[in-house]
Amino acid sequence: MREQLIKAMQQNQILDIMYIAKDQSITKRRIKLIKISGEHVQAYCFSRHAKRNFIVDNILAVHPVNKKARGLEA
């Protein structure tokens, strides 16, 4: 998972992730990675409209968002 996140950050991709929170609830988030440090990821979360920190081991799935889904088609 970490390698996928590093690659996505290098390519400046927006991602949809499935994440397991502290309370064990599973959420879907759309994020833009800012920094990967050890086992933590700092990202802008479009759902919360704020920077958030995520634990890499709690990210269950990662899916790049294509330009059409972002509303950026030419």
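This is a short walk through one protein structure, from its overall layout down to one pair of residues.

Keep in mind that this is a predicted model. Let's start with the parts. The protein has 2 helices and 5 strands. Read from the N terminus, the order is α-β-β-β-β-β-α. So much for the order along the chain.

Next, the sheet. The 5 strands form an open sheet, and the pairing is antiparallel. How are the strands ordered across the sheet? The order is 4-3-2-1-5. At the edges sit strand 4, residues 50-55, and strand 5, residues 59-64. Each of these edge strands pairs on one side only. The sheet is also twisted in numbers you can check: neighbouring strands are turned by 45 degrees against each other on average, ignoring direction.

Now pick out one pair of strands. Strand 1 covers residues 14-20, and strand 2 covers residues 26-37. They run antiparallel, and 7 bridges join them.

What lies across the sheet strands? Look at helix 1, residues 2-10. Helix 1 lies across strand 1, strand 2, strand 3 and strand 5. Against strand 2, helix 1 runs at about 70 degrees.

Let's zoom in on charges. How many salt bridges does the structure hold? It holds 1. The partners are aspartate 16 and arginine 30, and their closest N and O atoms are 2.7 Å apart. Aspartate 16 is in strand 1, arginine 30 is in strand 2, and they are 14 residues apart. The pair links distant parts of the chain. Now put that together with the sheet: aspartate 16 stands opposite arginine 30 in strand 2. As a general point, side chains of opposite charge can pair when their charged atoms come close.

Are the two partners buried or exposed? Aspartate 16 has a relative accessible area of 13%, so aspartate 16 is buried, as that is under 20%. Arginine 30 has 28%, so arginine 30 counts as partly exposed.

Stay on strand 1 for a moment. Methionine 18 is there too. With a relative accessible area of 33%, methionine 18 is partly exposed. Together with Ile26 and Leu60, Met18 makes a nonpolar surface patch of about 270 Å².

Last, the whole protein. Of its 74 residues, 30% are buried. The protein exposes about 5,100 Å², and carbon and sulfur atoms supply 50% of that. Now take contacts with a separation of 6 or more: residues 24 or more positions apart account for 42% of them.

How values were computed:
Residues numbered from 1 in each chain as written. Predicted model: local features only at pLDDT ≥ 70, side-chain atom pairs only at ≥ 80, totals over all residues. Heavy atoms only, no water. Pairing = 2+ DSSP bridges. Helix = DSSP H or I, 4+ residues; strand = E, 2+ residues; numbered from the N terminus. Axes fitted to C-alpha atoms, helices over the stretch in contact; angles between N-to-C directions. Contact = heavy atoms within 4.5 Å. Patch = residues over 30% accessible without salt bridge, like charges linked within 9 Å, V, L, I, M, F, W, Y side chains within 5 Å. Areas by Shrake-Rupley, 256 points an atom, 1.4 Å probe, with all protein chains shown as cover. Salt bridge = Lys/Arg side-chain N within 4 Å of Asp/Glu carboxyl O. Buried < 20%, exposed > 50% of the residue type's maximum accessible area, 1.4 Å probe, protein only.
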